[in-house]
Amino acid sequence: MYLYNSLSHKKELFQPNSPDVVKMYTCGPTVYHYAHIGNLRTYIMEDVLEKSLRYLGYNVMRVMNITDVGHLASDADTGEDKMLKGAKRENKSVMEIAQYYTDAFFADCEKLNIKKPDIIQPATGCIPEFIRIVEGLLEKGYAYFAGGNVYFDTSKLDKYYVFNDHDEENLAIGVREGVEEDTNKRNKNDFVLWFTKSKFEDQALKWDSPWGVGYPGWHIECSGISMKYLGEDLDIHCGGIDNAFPHHTNEIAQSESFLGHKWCNYWFHVHHLNTDDGKMSKSKGEFLTVSLLQEKGYDPMAYRFFCLQSHYRRNLVFSWENLDNAVVAYEKLISKIAILKDGGNVDAEVFSALRERFIGALNGDLNTSLAITAVYDVLKAKTSDATKLAALKDFDTVLSLNLIQAAEALQIKQEEESAVSSDPEIDVLVQARSDAKKAKNYAEADRIRDELKAKGIEIIDTPQGAKWRRV
Ligand code: AMP
Ligand code: ZN
């Protein structure tokens, strides 16, 4: 499989360190609010990546953190803790907020057929791991204590900006407009590993540490959790593109300085879902959730389909019109699958040729839109329905679009609708029953229903009125 590696800026042949298992780490949600559909775009594409690797025969061990402490309102080390902000907003404790939004996150994932990672670890459960790394960094001279906090010293690195040739001045923390400079820092990009002093002294969760009672910085949690479960080497690390700097840049800085060797080989970054007026963002407070899409009548699968139609390394613009187009395309696809007849023989040769095309799409830097084209190719193929259904079922282990289930549900609905009949004599009786019901004459309505039942007629009450069918 060829994947674009943000570290080398190239598509590279993916080769895990060990043939036995792919060690995959994913930055999890900050659980102070619902995930928006932009966040979920990232998790959908990471889910497709994990399922593709499994489909291609790899064992995958995937770990995800839950950020329930340490993520400040600004990516610089200033501002209030996001969790504390959420707790204040809702008048709950930080742990209540964390539990509620963690559950909400996985409920959204389930609606979108996003598989749960093998290990899910809240940051608050790994404090000793973080302390161990901070101690190691201090010992090796990569960190210093100043003004009550422990900082990572970026001047000790040969190369700090590993992902891009950032314009240092623009990105430098502390010189960004509106961000107050932290005078404890020796270098502008230094970042906090452990806080005991912050302007926001009412931090709810604090732990004892060699540097006093405090709490970890955000970046250290992903290094600590990854090392705890996946050891000193990581094959692939995923996240949204906004995480490349400073979060992932800092993860690499501290992990490699602590370990004394390269840490992670491949970095997979999903680009953003934007609206017409910019990036969708949780902190802005106004954003779209899966529940909101459902309230408006959208099937979460249509949103997954919408995401898969475009490449993960392109920004995706969300608009209702774009989503509506995806709904039409998804429903059309399902209706084409629904007319395929079950049973019969699978043509192994055709099946494997179709599969090759699908694998080719995945192998080409996870080209999901091409993988969807491979789905249409199945429908167009000159082969048996059984072969087509087998291929679609196989592809859907990666795409997870409910292709078969949704088609079966549509078949049942269509059968029910076609069973609804018309016959003037029966129509009159059905109408008489409806009239009796309206007049609250339920005894008469029941009598007519029983009379019809005796004739083998079943009444179906629908929002459009009573219909009937022979049973
Ligand atoms: P957070 O809960 O803010 O820590 O973000 C969870 C994940 O969503 C991270 O991997 C982010 O990089 C990613 N993310 C944030 N905003 C967007 C967006 N507008 N589109 C896609 N991914 C995003
Ligand atoms: Zn992370």
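**Buried cysteines, a zinc ion and a ligand**

Reader: Why does Cys-222 count as buried?

Author: Its relative accessibility is 0%. Buried means under 20%. The value falls under that cut-off, so Cys-222 counts as buried. Bear in mind that this is a predicted model.

Reader: What makes Cys-27 count as buried?

Author: The reasoning runs likewise. Cys-27 has 5% relative accessibility. The cut-off is 20%, and 5% lies under it, so Cys-27 counts as buried.

Reader: Which protein atoms are donors of the zinc ion, ligand 2?

Author: They are SG of Cys-27, SG of Cys-222 and NE2 of His-247. They lie 2.0 to 2.2 Å from the zinc ion. A donor here is an N, O or S atom within 2.8 Å of the metal, so these atoms qualify. Along the chain, the donors follow the spacing C-x194-C-x24-H.

Reader: How do you know that Cys-27 and Cys-222 link distant parts of the chain?

Author: Look at their positions. Cys-27 sits in the loop between β3 (22–26) and α1. Cys-222 sits in helix α6, residues 218–230. The two cysteines are 195 residues apart.

Reader: What makes the pairing of Asp-242 with ligand 1 a polar contact?

Author: A polar side-chain atom of Asp-242 is 2.4 Å from an oxygen atom of ligand 1. A polar contact needs N or O atoms within 3.5 Å, so this pair passes. Thr-42 has a polar side-chain atom 2.7 Å from a nitrogen atom of ligand 1. For Asn-39, a side-chain N or O atom lies 3.0 Å from an oxygen atom of the ligand. Those two values are also within 3.5 Å, so they count as well.

Reader: How much of ligand 1 does the protein cover?

Author: On its own, ligand 1 has 500 Å² of accessible area. The protein covers 95% of that.

Reader: Which elements give two or more residues to the shell around ligand 1?

Author: They are α1 (37–55) and β10 (234–240). Helix α1 gives the most, with four residues.

Reader: How many residues of each class does that shell have?

Author: It has four nonpolar, 11 polar and three charged residues. Gly is grouped with the polar class, so Gly-38, one of the nearest residues, is polar by this scheme.

Reader: What share of the protein chain counts as buried?

Author: Of its 471 residues, 52% do. The chain has 16 helices and 16 strands. Its C-alpha trace spans about 90 × 60 × 35 Å along the principal axes.

Notes. Residues are numbered from 1 along each chain as its sequence is written. Chains are lettered from A and ligands numbered from 1 in the order in which they are written. This is a predicted model: local features need pLDDT of at least 70, side-chain atom pairs count only at pLDDT 80 or more; totals for chains, interfaces and linings use all residues. Side-chain values use heavy atoms; hydrogens and water are left out. A residue is near a molecule or strand if one of its heavy atoms lies within 4 Å of it. A polar contact is a pair of N or O atoms within 3.5 Å; within protein, one must be able to donate a hydrogen and the other to accept it, and residues adjacent in sequence count only if both atoms are side-chain atoms. Accessible areas come from the Shrake-Rupley method with a 1.4 Å probe; for residues, only the protein chains shown count as cover. Buried means under 20% relative accessible area, exposed over 50%, partly exposed in between (1.4 Å probe, protein chains only). Donors are N, O and S atoms within 2.8 Å of the metal (3.2 Å for Na, K and Ca); water is not among the atoms, so sites may look incomplete.
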